[in-house]
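Reader: I'm new to this structure and would like a close look at one helix and what it packs against. After that, please show me a few other spots worth finding on the screen.

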Amino acid sequence: MRKTHLDGKSKDLVAENISKLEEIFPGIFAEGKINFDKLKDELGVHVEDSREKYNFTWPGKTKAIKESQKLSTGTLRPSEEKSEDWNNTHNLYIEGDNLEVLKLLQKGYMNKIKCIYIDPPYNTGNDFIYEDDYSDNLQNYLIASGQVSDSEDSSERKLLTSNVESDGRFHSKWLNMMYPRLKLARNLLTDDGVIFVSIDENELCTLKFLLNEIFGEPNYLTTLTIKQRHENRILKGDKDFHEVTEFCLIYKKGNKYTQYKRKKDNTSIDDYIYSIEETDEPLEVIQMGNKKVEVFPPDRYVLNKHEEPSEDYFKKISIRGSLKEGNSSGRFYMQYLNNIPENYGWIYKVPDMGNDKSDFRYFMKPPSEKIVNGSYFQGVPLDKEDYIEIPYPNFLDLVDTFNNVGYEGEIPFRNGKKPIEFIKHLFELAGLKDDPDALVLDFFSGSGSLGHALMEYNNEDDGNRRFILVQIPEECTEKDEAYVQYNLKDICELAQERLRRSGNKIVEESGNKDLDIGFKVFELASSNLEKWDPDYERVEDCLIENQIKEGRSDNDLIYELMLKYGVDLTSPIKKHEHVYSTDSGKLIICLDEIITKEIADEILDIINDPSDSRVVLKDTALNDEDKSNIKQILKDNNIKKVITL
């Protein structure tokens, strides 16, 4: 039996990456260090070693990179009183600084989230960004949120700070905020996952450079341009240009992402309105490749355009753009007919082409020199699919939707709320239609629009998709309608109330009582154990006898163990006589001060697979010599992992 101590830290991403390097390039390690000269040799021509190189940097970037690698000793405390349908829901709402929360989610949710959408601060010069203190960001948050006191004037600690354009590091401060969050977010995506980031023109180019660096330029998909305001609706008359659009950058995680397309009805024959009447014999028959082609000048045929379509008629298709190489007809025209001089309006009848009712296909040269592209006439396909797939456009006209967004969610909130229709469109682009159990994340969740949208989306197809929303508890002011009408003190309270109201409304209107409209609320906090909350560099060295902090419960500690062992926070917890079990019996927790043989037997009764299970016990429970028989019992029953607190 292997007995180990859990150190209380979040997932060590750097150690994992080094381990992967050692597996791929074992020869680059010497005395536990990486020999970068050897690594360059292994990478060969793929190394950029010149002094002048393509690079994107800014003041503070090194610290931002280190922050994304730093471990967190914090935890997430359950708040049943703020939650909705605690015992049944599989949705999460997390209150806290999203940088620390993203670190804490690494163990349990790495490679598990299919779709991420965020609407971060746009850095317009009058909005707010997160005030990070990279020396100890968790402590800064705890002081600012009033969870712990500070020897200094705590009023100086802020959760959010205005980033004014007069600041010499205006763009750098924004980049330093965004880099570690996006870096950590990428780890959470599934291999076929995708991220959407809303932005306006202030940081559009900067954000694209940043996402290229984190996700890789080949994984850029597109930038959606969203018309959100009518061009005649002037907000500020003193501007040089009136902004009517904003943007959404889309990146996939890697090559396993599937490019989803929209389905278009292909059953209609409305376009089949042309017929060609041959009034004379062909002028000539010429060889084009392996086909004998009949040639008809304009005086030897009549082109008819009918008012009513028919399955016996043709559809006229202009050969332009991608069609020139996109199908066999386009390629045939470009190879044999495109370079024939003049012959304006001539028809070429090509046999054995196309899979339709005709055993031939007509091609037409342009009717005059002013028209560049030729055409072909296609009959109704014999094996026509009911639907065809076509690409989504990267432009969305959502003016009316944005005009009405203030009324969505049953709670007034007019500060940058995104419309439900827009977010559901992003779900389509992410392929959530084909993934009814997908997990979706928004770590700048604001008023909770993504959660509202996902509940509606699930209601439409009986899906079981789940959301994780993360939001810093930014205070409401007396000017906010939500504060005045509902006495909601911060944006987290506002979002939770919105989710309750909108969820209840969906169920009331649809009658779908099986829909998951609940959410479990967790709050970012310091560790529940004293020994896991010391100086950053001395986590393993600090052993305190009275381990559980005052005011913390067994439930708090159990969820911390779940979080740090990578167990889904919505997994049910079963209380037995002396122990707790979760994760289908793979995690067993006993917080008793004395471990008896009866407790050991209870543990063995619960465990299904000893080789794939963990048993967590208090450190003092297995130290005495008289407990050696308990150790032996566990060992004899193949319990491989026993961890002490």
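Author: Start with the buried side of helix H13, whose buried residues pack against five elements: strand S6 (113-118), helix H12 (420-429), strand S23 (439-442), strand S24 (466-471) and helix H15 (491-510). Helices and strands here are DSSP runs, H or I over at least four residues for a helix and E over at least two for a strand, counted from the N terminus. Keep in mind that you're looking at a predicted model, where local features need pLDDT of at least 70, side-chain atom pairs count only at pLDDT 80 or more, and totals for chains, interfaces and linings use all residues. Numbering runs from 1 along each chain as its sequence is written, and side-chain values use heavy atoms, with hydrogens and water left out.

H13 itself covers residues 449-461, which makes 13 residues. From its first C-alpha to its last, H13 reaches 19 Å, close to the 18 Å expected at 1.5 Å a residue (that expectation is 1.5 Å times one less than the number of residues). Which residues of H13 are buried? Click along the helix and you'll find Ser449, Leu450, Gly451, His452, Ala453, Leu454 and Met455, then Tyr457 and Asn458. Buried means under 20% relative accessible area, exposed means over 50%, and partly exposed is in between, using a 1.4 Å probe and protein chains only. Right after H13 comes Asp462, with a positive phi near 55°.

Positive phi turns up elsewhere too. Try Asp352, which isn't a glycine but still has a positive phi of about 55°. Asp352 sits in the loop between strand S18 (347-351) and strand S19 (360-364), and it counts as exposed because its relative accessibility is 63%. Glu410 is another non-glycine with a positive phi, this time near 70°. You'll find Glu410 in the loop that runs between helix H11 (399-403) and H12, the H12 that the buried residues of H13 pack against. At 35% relative accessibility, Glu410 is partly exposed.

For a positive phi in a glycine, go to the hairpin of S14 and S15: there are 2 residues between the strands, and Gly289 has a phi near 65°. Strand S14 is residues 284-288 and strand S15 is residues 291-296, and they pair in the antiparallel sense over 5 bridges (pairing takes at least two DSSP bridges between two strands). To line the two strands up by eye, look for Gln287 on S14, which stands opposite Lys292 in S15.

Next, jump to Ile589, in strand S28 (residues 587-590). Is Ile589 buried or exposed? It's buried, since its relative accessible area is 1%. What does Ile589 touch, once its neighbours within four places in sequence are set aside? Its contacts are Ile558, Leu561, Val579, Tyr580 and Val616, where contact means heavy atoms within 4.5 Å. Have a look at Val615 as well: its C-alpha is 5.9 Å from that of Ile589 in space, though the two are 26 residues apart in sequence.

Now zoom out to the whole chain. It has 18 helices and 30 strands, and 50% of its 645 residues count as buried. Take the contacts with a separation of 6 or more: residues 24 or more positions apart account for 74% of them. The pair of Ile589 and Val616 is one contact you can look up yourself.
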